[in-house]
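Welcome, and please take a moment to look over the model below. We will then walk through it together.

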Amino acid sequence: MSNGDIFVGEVIGTAILILFGAGVCAAVTLNYSKAKASGWIVISFGWGFAVLAGAYTAAPLSGGHLNPAVTLGIAVDTGEWGKVPVYVLGQMVGAMLGAVLAWLVYYAQFAANRDGATALPTLGIFSTIPEIRSPVANLLTETIATIALVLPVLAFGMTKGLGESGTQALIVALLVVGIGLSLGGPTGYAINPARDLGPRIIHAALPIPNKGTSDWGYAWVPVAGPLLGGAVAGLIYNAAF
């Protein structure tokens with residue numbers, strides 16, 4: 001795969017990932033949405049379908065990493081680091097683009113979110129927020145959840161039958177649904193530094209009414225935790241398989 005193909009594939013795939021993922025969060029959160037208050041199960045499946053659409057789209061060009069933690073885990077396992085910056089740059093650009101697209105889709109709903117009794121903070125549409133703010137506990141949650149993502153992803157990639165059938169992305173999408181349902185409660189399961197940081201930057205930049213804080217004091221956790229988890233998963237896979 002050329003650097004150009006990798007960059008384009010990761011931009012497009014990650015943009016689709018965030019468009020669907022931030023989109024389902026907006027659908028559940030914002031007033032005047034038909035999916036208002038439909039709940040955590042809807043969000044978990046929405047993010048799973050987001051992974052499915054983004055990964056299948058990007059796969060022919062870049063392999064569909066869509067996540068710096070996955071890219072890091074693969075590099076730690078294989079020792080191949082040369083294309084890591086291209087992957088991560090594409091993922092960050094795509095995440096920011098996807099966040100802008102999700103904002104445009106729900107533009108009228110964001111515009112209606114003015115000051116007043118019905119106004120809502122909007123950061124949770126774009127990025128993760130812990131239910132209990134504890135840096136050590138939050139970092140541990142994100143690290144463990146990302147190991148639970150990246151270690152199976154590495155195993156799926158080496159499973160010949162899945163490779164031949166082209167069903168890896170489907171299995172990974174179901175894995176993400178499972179992580180959301182089982183491990184997402186404490187922090188909102190970023191498990192992807194680009195997924196959290198890119199949209200957080202866009203949240204800070206966009207002219208969203210009543211948007212509230214972008215919470216930069218917490219922003220390091222959903223970056224550091226997934227990167228640590230991806231590296232640990234790569235080490236485990238390399239040692240055990």
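What follows is a tour of two helices, some aromatic pairs and the salt bridges.

This is a predicted model, in which local features need pLDDT of at least 70 and side-chain atom pairs count only at pLDDT 80 or more, while totals for chains, interfaces and linings use all residues. Residues are numbered from 1 along each chain as its sequence is written, and side-chain values use heavy atoms, with hydrogens and water left out.

Let us begin with helix α4, residues 84–105 (helices are DSSP runs of H or I with at least four residues, numbered from the N terminus). Its 22 residues reach 31 Å from the first C-alpha to the last, close to the expected 32 Å; the expected span is 1.5 Å times one less than the number of residues. Many names appear on the buried list of α4, including Val84, Tyr87, Met92, Gly98 and Trp103. Here, buried means under 20% relative accessible area, exposed means over 50%, and partly exposed is in between, using a 1.4 Å probe and protein chains only. The partners that the buried residues of α4 pack against are α1 (3–29), α2 (40–62), α3 (68–78), α5 (107–112), α6 (123–126) and α10 (193–205), where contact means heavy atoms within 4.5 Å.

Now turn to α10 itself. The 13 residues of α10 should span 18 Å, and its end C-alpha atoms are indeed 18 Å apart. Among the buried residues of α10 are Pro193, Gly198, Ile202 and His203, and their cover includes α1, α2, α3, α4, α6 and α11. At the N-terminal end of α10, asparagine 192 acts as a cap, with a side-chain oxygen 3.0 Å from the backbone nitrogen of alanine 194.

How many salt bridges does a search of the whole structure find? There are two, a salt bridge being a side-chain nitrogen of Lys or Arg within 4 Å of a carboxyl oxygen of Asp or Glu. Side chains of opposite charge can pair when their charged atoms come close. One of the bridges is in α10, where aspartate 196 and arginine 200 meet at 2.7 Å, N to O. These two residues are separated by about one helical turn because they are four residues apart in the helix. Both aspartate 196 and arginine 200 are buried.

Another bridge joins aspartate 215 to arginine 133, with the closest N and O atoms 2.7 Å apart. Aspartate 215 sits in the loop between α10 and α11 (221–240) and arginine 133 in the loop between α6 and α7 (135–157), so this bridge ties together parts that are 82 residues apart in sequence. Aspartate 215 is buried, at 13% relative accessible area, whereas arginine 133 is partly exposed, at 49%.

Finally, the rings. The whole structure holds five aromatic pairs: rings of Phe, Tyr and Trp (its six-membered ring) pair if their centres lie within 6.5 Å, and planes under 30 degrees apart count as stacked, over 60 as edge-to-face and the rest as tilted. Tryptophan 40 and tyrosine 189 are edge-to-face, because their planes stand at 70°, with ring centres 5.8 Å apart. This pair links helix α2 with the loop between α9 (168–183) and α10, 149 residues apart. Tryptophan 40 counts as partly exposed at 36% relative accessibility, and tyrosine 189 as buried at 4%.

Phenylalanine 110 and phenylalanine 126 make a tilted pair, 5.9 Å centre to centre and with 35° between the planes. Phenylalanine 110 belongs to α5 and phenylalanine 126 to α6, so the pair ties together parts 16 residues apart in sequence.

Note on methods. Polar contact = N/O pair within 3.5 Å; in protein donor to acceptor, adjacent residues only side chain to side chain.
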